[in-house]
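Here are my notes on the model you passed along. Have a look at it first, then read on.

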Amino acid sequence: MDSMDTSTQPIEASPTATNVATFTPHRHSLPANQNMAVNSQTFSGRPRTHNRRISDYSIHTQPPAAFTNQRSALSPHQIRQPRLRILPTQFEDTASQDTALPKTSLAGFRKIEDGAAQIPKRSTSPHHVTPLQALTLRISETFSAINPAYNYNPGKNPRRVLTKPSKPAKNEGFDNEEHDYILYVNDILGAEEGQRYQILDILGAGTFGQVVKCQNLMTKQLVGVKVVKNKPAYLKQSLMEVDILKHLNTKSDPDDQHHLLRLYDTFFHKQHLCLVFELLSVNLYELIKQNQFKGLSTNLVKVFATQLLDALIILKENHIIHCDLKPENILLKNLESPAIKIIDFGSACHQSKQIYTYIQSRFYRSPEVLLGLQYTTAIDMWSFGCIIAELFLGLPLFPGSTEYNQVSRIVDTFGVPSNYMIEKGENARRFFERTGDTTGDPKKRFALKSRETYGREQKKTELAGKMYFHTTKLKDLIMEYALPRKGMSDQEKDREKQNRLALIDFLQGVLKLDPIVRWSPQQAKNHPFITGERYY
Ligand SMILES: Nc1ncnc2c1ncn2[C@@H]1O[C@H](COP(=O)(O)OP(=O)(O)OP(=O)(O)O)[C@@H](O)[C@H]1O
């Protein structure tokens, strides 16, 4: 096992693990009583790359009865494994024909984003104060009315801390033990005129630091500020992110037309590098989750795919590899339209200056990286294919629980890679062995080792991966997923069928095992799934 592979360990295995996402989907198609009889389980997934996070998510769902007997043994840290299955015969109202974002999710996001929505509304009468208002919003006035000596001074309020852990430990007490700057609401980042940012809220925390919503005190512009950890390795890698974003923003995409994050400014605050970004909205993983993991319509998937390909063309032209493309790193610009941006260039590199071999988040890790081959911008196309399938299906296409499990899922769907990939790949002989069989395809002389053989050789127990779908065949998976919708006309059914056939062909092109023949973003952009031409 790769020494950096944290995939088989519980989440605390990653020294920098910071993000733990908890997901609670339920399926509308289940009877209400089944939805209530929740059976909560967890699986460790969302692995991170070199020294990066493992997230862990819980899925609360009741499995369709037909599949309950297909469960395989659970690993100790997978005791609450999800048992979500897609029943081919199950009809769901998922495939909306338009490209609007799912309505339920928007409502959900607004609630989260607009804190005011949760504050009780004031009475329309200027004089009337309800008891609830008197004891909440107007508590200070109420105390003053009771005791004229009472004097409320907001300056004495305790500062609301946004960083976890919040105990000062390093950098003269400014940082916690994880080298993160301890952030408080309303504190100011930066000191120079025009570069002072008031902290409003936390947007996310990752391997490299924390991202906070801020307001520029001079221009009043709202921005996202990444406050990088105060550690040389993170600083060095983040300076690379700055270089790449500056190049992309100024040279490759000066007019901001290609769905790449904008970097506005950089400065240092108390020895922390701060990156000022345009403020974006929720990520595509959140969108799938808010849609109860049901998957998005083919039309909406197409809209996202087109924008991603546009961005990937620019990256390829500039020989830049993102190295960590996944739904969490694709953000909606706002909640009103499906416009997206790619973020997190913290793992990105120039194709000719590769530093790491252990890259990409496991679910989206390409065959060449898994096998330990030289890699190119084609690894982002593999991640792209996995993301597109996930947007449609609502669940990851290859949710590998370990590196072996990741490889075996890919082999189950697409077969064994060509001889040359296995012969040249530094890690390949861990997973594959030569077959004695000289009949059949001469380009395929290897077979995947059995789980038992792999476990014995690696001196660890390799557990069977969980099946989230009823089939490993891509065509069946796409064609049988929640179709047909109730009330669909024959014409609509035919259009949906065409869309799906085009999607299958598209995915087969961008998910080619061999990076040399895998489609480039430009090739993929000309496919009928994207152009809308009829697919036969
Ligand atoms: N410009 C932005 N606008 C809104 N939210 C953002 C923005 N940039 C980042 N975020 C939020 O902050 C999170 C962390 O950001 P980012 O992925 O850049 O950090 P990281 O430390 O590199 O994380 P990772 O561990 O995934 O590499 C994102 O998942 C996202 O939710």
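1. How much of the protein counts as buried (under 20% relative accessible area, with exposed over 50% and partly exposed in between; 1.4 Å probe, protein chains only)? Of its 536 residues, 53% do. The protein exposes about 24700 Å² (Shrake-Rupley method, 1.4 Å probe), and carbon and sulfur atoms supply 53% of that area.

2. Bear in mind that this is a predicted model: local features need pLDDT of at least 70 and side-chain atom pairs count only at pLDDT 80 or more, while totals for chains, interfaces and linings use all residues. Residues are numbered from 1 along each chain as its sequence is written, and side-chain values use heavy atoms, with hydrogens and water left out.

3. On confidence, pLDDT (the predictor's confidence in each residue, from 0 to 100) averages 80, and 76% of the residues score at least 70. Over residues 1-97 the pLDDT is below 50, though this stretch has 261 contacts (heavy atoms within 4.5 Å) in the model beyond near neighbours in sequence. Residues 104-124 are also below 50, with 26 such contacts.

4. I count 17 helices (H or I, at least four residues) and 14 strands (E, at least two), as DSSP runs numbered from the N terminus. Among contacts between residues at least 6 apart in sequence, 65% join residues at least 24 apart.

5. Take a look at helix 15, residues 490-510. Its buried residues include Arg-500, Leu-503, Phe-506 and Val-510. The buried residues of helix 15 pack against several helices, among them helix 7 (298-317) and helix 9 (378-393).

Terms used:
The expected span of a helix is 1.5 Å times one less than its number of residues.
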